[in-house]
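This text leads through two parts of one structure, a small sheet of strands and a pocket. Please keep the sequence and the model in view while reading.

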Amino acid sequence: MKLHVGCVYWPEMTNVNKINTQTEFNKENRQVLVVGAGISGAITSYRLSKKGYKVTLIDKKEVGAGSSSANTGLIQYMSDKGLIEFIDQIGKDKAERFYDQSKEAIETLIRIDKELEADINQSTFTVAESLIIATDKDKVKDLKKELKAQKEKGYEVEYLDEKQLEELNIKAFGGLLCKPDINLNPYGFVYRLVEEAINKYDMSVIERAEFISLDELAEKPLVTLKIDGKEVVEEFDKVVFTTGYIPPDFLRVYLKNLKLVKTYVSVSQKDQRFEGEDKYLVWELEDPYTYFKKTFDERLMIGGFDEEDDHLYQYDSHKMDEDLIKKAQTMLAKDTSLQPDFSYAALFGESKDNIPYMGPSPDNNDIFVICGIGGNGTVYSTIGSEMVLKWIEGKSLEDYDTFRLGR
């Protein structure tokens, strides 16, 4: 299945070091197999390796080449649904715990970035602030309710009125300023994580290794893989699936609310100038919402117009260019001429309850799934990596019951 079409920005514009991958299994790295080398797999395998576990990370293609390369990198503790909406949906205790876990995930990512070797040639990570704006006047009351709920939790939020937003070159009736959040180059960050885990913690990485099947009845998970066309069978203590929105067939029964969504992205030319808004991750309350941010090389990345669909066509890559640019221009207070330099469409997963699927398999406690579906996938994946650390140490996952498989 195609995960993206068009000219995807991050791989084109990111210089990554060649990583030391393997072509066969290291007999010592049999404690944990992590299947999927996107952002979920990279964070999880890095944290496991740093803890001293012997980890093998595999991917059927190349590191970071799937959905993570098309991730726009707006990393926010707020989900597509606000705290108020989640309180209405799942109750106050669970909703507040969910948001606390998301806040903690942001802090974890900030800490991990400081641990990693810095890339002197390019930026991949910046702590940022988010602006959630109401371009519809009727949505202002919802923003103020969300402000009140988050302030009661002690979160760093501030309401900005129409005039204050205009000073930031944002055109909207009101906005919620939230921090800390992260402006990320997801493709570059994945490579930094994997490179560090290989070089410092002896993690093994095998590219072009396709998962075929798993014998759940064996004493330990017995995994069949295809590496360069050759089938191999290997035994591991634990297996973690971080395969994004396309989990293995035998796990799909536990992800019944999973659906695929098509999203569109345009990235402007480099020489265009912007004012005020460049320090913020901006998204609106409309559904489907539009968002934009400044990239590390001074472009405007615009995304949105999501629609439920599980197929990509080549014409999708430019299908929404004009609409995305027009929408961004309506959200900027000053007239700005925008021309797209990169355009693409991508698939991502959502659940019907807007909550990711993460946890051990109900049938085999040696198997764990991180399916960080939703518009906040990197944050969910970071929560999932925390769950894996607790799971592998035999600790309780009661606080994460909201995410359980098969719900």
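Two strands are taken to pair if DSSP finds at least two bridges between them. The model shown here is predicted.

With that rule in hand, the sheet can be followed strand by strand. Three strands make up an open sheet, in the order E9-E10-E11, and their pairing is antiparallel. Strand E9 (209-215) and strand E11 (230-235) each have a single partner strand, so one side of each is left without a neighbour in the sheet. On average, and with direction ignored, neighbouring strands of this sheet are turned by 25° against each other. Strands of a sheet pair through backbone hydrogen bonds, either parallel or antiparallel. Between E9 and strand E10 (residues 222-227), which run antiparallel, there are six bridges. Within this part of the sheet, Phe-211 stands opposite Leu-225 in E10.

The other part is a pocket. The second largest pocket has a volume of about 700 Å³. It is lined by 28 residues, and the closest to its centre are Asp-80, Lys-81, Glu-85, Leu-285 and Asp-287.

Which helices and strands each supply at least two residues of this lining? The helices are H3 (83-90) and H5 (140-152). The strands are E13 (258-268), E14 (280-284), E16 (300-308) and E17 (340-351). The largest share, four residues, comes from H5. By residue class, the lining of the second largest pocket divides into 16 charged, eight nonpolar and four polar residues.

Conventions: Residues numbered from 1 in each chain as written. Predicted model: local features only at pLDDT ≥ 70, side-chain atom pairs only at ≥ 80, totals over all residues. Heavy atoms only, no water. 1 Å grid on protein atoms, 1.4 Å probe; cavity = no way out; pocket = protein on both sides within 12 Å on 5 of 7 lines; lining within 4 Å. Points joined across faces, edges and corners; volume = space filled by probe spheres on them. Nonpolar A, V, L, I, M, F, W, Y, C, P; charged D, E, K, R; others polar. Axes fitted to C-alpha atoms, helices over the stretch in contact; angles between N-to-C directions.
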